[in-house]
Structure formats: C-alpha cells, structure tokens
Amino acid sequence: MYFENVVFDATDPQTTGRAWEAELGTETLTDEEAGFETRLSVSGGPELDLCFQRVPDEPTERPRLHLDVEAGQLTALRLESADPTRDLAFWQWLTSWEPVSGSELGGLQHPSGRGPVLALVPEEEPKPEAKNRTHLDLRLESDDDADAVAAQIADRGGRELHFGWGDLPWRHFADPSGNEFCVLPARKG
C-alpha cells in the first residue's frame with residue numbers, strides 16, 4: 001500500500017480546492033462539479049493528491065486532521081490520536097513511511113526524507129461518532145490482497161466501517177483511535 005490522498009469534504013470544492021492550490025502551488029488534476037483534485041509533487045519524494053469532494057452540508061465537527069503550511073509548503077499532516085505511540089506504529093505499517101528523528105515534530109515521513117510529516121498528536125477530545133470531514137486514502141499495490149489487508153488492519157487495532165453507501169470500489173476503515181481512512185483498489189494496468 002501507499003499513501004495517496006488527503007480528502008476534504010466541502011460544500012464548494014472548487015473554491016476550497018483552488019485556495020489550497022494557490023497556497024501550495026500544486027497542479028490541478030480534476031475540476032468537476034463533484035469535486036476538485038490537485039497534486040502536491042515533492043521533488044525526489046512523494047506525490048500527494050488533495051481531493052475536495054462535494055457534500056451537501058457545511059462541516060460542523062472540529063477536524064481531527066490539520067494541515068500545517070509554512071512559507072507555502074505543506075510541512076505536516078497532524079492527525080489527532082487517543083494514543084499517539086500506538087497509532088504511530090499502526091500508520092507506519094499502513095503507509096511504509098519512516099519515523100522522523102531529530103525534529104521538533106515527531107511522526108512519519110516518506111522514505112525519501114522529503115515532504116510533509118504525518119504527525120500523530122494527542123487528541124483534544126475523544127473522537128465523536130460523526131464522520132471525519134478530512135481523511136487519508138491509501139492505495140493497494142497490484143500484488144496486495146484487499147481481504148488480507150483488511151484482516152491485518154483489524155489485527156493491528158483498526159476496524160472496517162460499513163456506512164451503507166452502496167457498492168463502492170474502495171473500503172472504509174478506522175484506525176485504533178477511530179479516525180476514518182479509505183483503502184483504494186490497485187490501479188489497473
């Protein structure tokens with residue numbers, strides 16, 4: 001698996017997405033009524049897509065995933081956690097990103113040592129029942145078995161979620177602190 005997307009629920013994905021694109025200097029991938037996608041390419045490091053998907057209602061819950069930007073550069077993805085040490089191990093396995101050492105902000109970073117840090121930070125309050133309005137997506141590699149990955153997620157304290165949204169090509173999960181994420185199918189060909 002690899003880390004692919006940061007997904008935002010937005011009532012106006014074009015306006016929100018274009019604002020982030022202007023801030024980060026990213027490249028438009030998709031600009032449609034249903035959503036806006038822009039790619040952050042880090043030279044010698046990861047590519048992360050910021051995906052803004054249309055939702056009917058303005059988000060009311062406090063976000064558990066925060067993006068840190070300094071001088072127009074995405075420096076960190078701060079994910080709130082009930083147990084940052086436990087969840088750091090979970091996300092390290094999930095993303096194959098490596099622990100950052102010698103930094104003020106502990107967390108995980110792409111194996112190249114470039115790009116933003118995925119920082120697991122102590123939660124300000126327990127995760128509410130409501131869906132996260134910002135979440136992370138991972139994509140399976142062609143040789144990954146989706147059911148085996150789901151079993152391994154459960155073995156590591158996560159769980160699969162079933163929202164009843166019909167037959168979708170991806171699967172929804174929660175990490176041990178309840179933060180939602182999606183696992184997308186491998187790309188074809």
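How many of the residues of strand β10 are buried? I started my notes there, keeping in mind that this is a predicted model.

**Entry 1: strand β10**

I looked up β10, residues 134-139, and found six of its six residues buried, so I put the strand down as mostly covered, buried being under 20% relative accessible area. Next I checked the two sides separately. Side chains in a regular strand alternate between the two faces of the sheet. On one side of β10 I have T134, L136 and L138, and on the other H135, D137 and R139; every one of these is buried, and both faces are covered.

Which strands pair with β10, and in which direction do they run? On the β1 side (residues 2-10) I noted six bridges, with the two strands antiparallel. V6 is matched with L136 there as its bridge partner in β10. With β13 (residues 180-184) I noted four bridges, and that pair runs parallel. In this second pairing R139 stands opposite L184 of β13.

**Entry 2: the largest pocket**

I went on to the pockets. The largest has about 450 Å³ of space. Its lining is made of 25 residues, and V7, C51, Q53, D137 and W170 are the closest to the pocket centre. I had already met D137 as a buried residue of β10.

Which strand gives the most to this lining? It is β4, with four residues. My list of elements that supply at least two residues each reads β1, β2 (27-32), β3 (35-41), β4 (47-54), β10 and β13. So β10 and both of its partners from my first entry are on the list. By class I wrote down eleven nonpolar, six polar and eight charged residues for the lining.

**Entry 3: the second largest pocket**

This one has about 150 Å³ of space. Its lining runs through E160, L161, H162, F163, G164, W165, G166, D167, L168, W170, R171 and H172. W170 caught my eye, as I had just listed W170 among the residues closest to the centre of the largest pocket. Strands β11 (159-161) and β12 (171-174) supply at least two lining residues each. The classes come out as five nonpolar, four polar and three charged.

**Entry 4: cavities**

Rolling a probe the size of a water molecule over the atoms shows where empty space is left. I counted three cavities of 30 Å³ or more. The largest of them has about 90 Å³ of space. What lines it? I have E61, R62, P63, R64 and L65 from one stretch, then K127, P128, A130, K131, N132, R133 and T134. T134 also belongs to β10. Six charged residues stand in this lining, along with four nonpolar and two polar ones.

**Entry 5: aromatic rings**

Last, I looked for aromatic pairs and got eight. For F90 and W91 the ring centres are 6.0 Å apart and the planes meet at 80°, so I call the pair edge-to-face. F90 and W91 are both buried. F90 also pairs with W93: here the centres are 6.3 Å apart and the planes 55°, a tilted pair. Both of these residues sit in helix α2 (residues 84-95), three residues apart, or about one turn of the helix.

Buried or partly exposed: how do F90 and W93 count? F90 has 3% relative accessibility and so is buried, whereas W93 has 22% and is partly exposed. I closed the page with the cluster: F90, W91, W93, F173 and F181 belong to one aromatic group.

Technical notes:
Residues are numbered from 1 along each chain as its sequence is written. This is a predicted model: local features need pLDDT of at least 70, side-chain atom pairs count only at pLDDT 80 or more; totals for chains, interfaces and linings use all residues. Side-chain values use heavy atoms; hydrogens and water are left out. On a 1 Å grid over the protein atoms alone, a cavity is a set of points where a 1.4 Å probe fits but cannot get out, and a pocket is an open set with protein on both sides within 12 Å along at least five of seven lines; lining residues have an atom within 4 Å of a point. Grid points are joined across faces, edges and corners, and a volume is the space filled by probe spheres set on the points. Ala, Val, Leu, Ile, Met, Phe, Trp, Tyr, Cys and Pro count as nonpolar, Asp, Glu, Lys and Arg as charged, and the others, Gly among them, as polar. Rings of Phe, Tyr and Trp (its six-membered ring) pair if their centres lie within 6.5 Å; planes under 30 degrees apart count as stacked, over 60 as edge-to-face and the rest as tilted. Buried means under 20% relative accessible area, exposed over 50%, partly exposed in between (1.4 Å probe, protein chains only). Two strands pair if DSSP finds at least two bridges between them.
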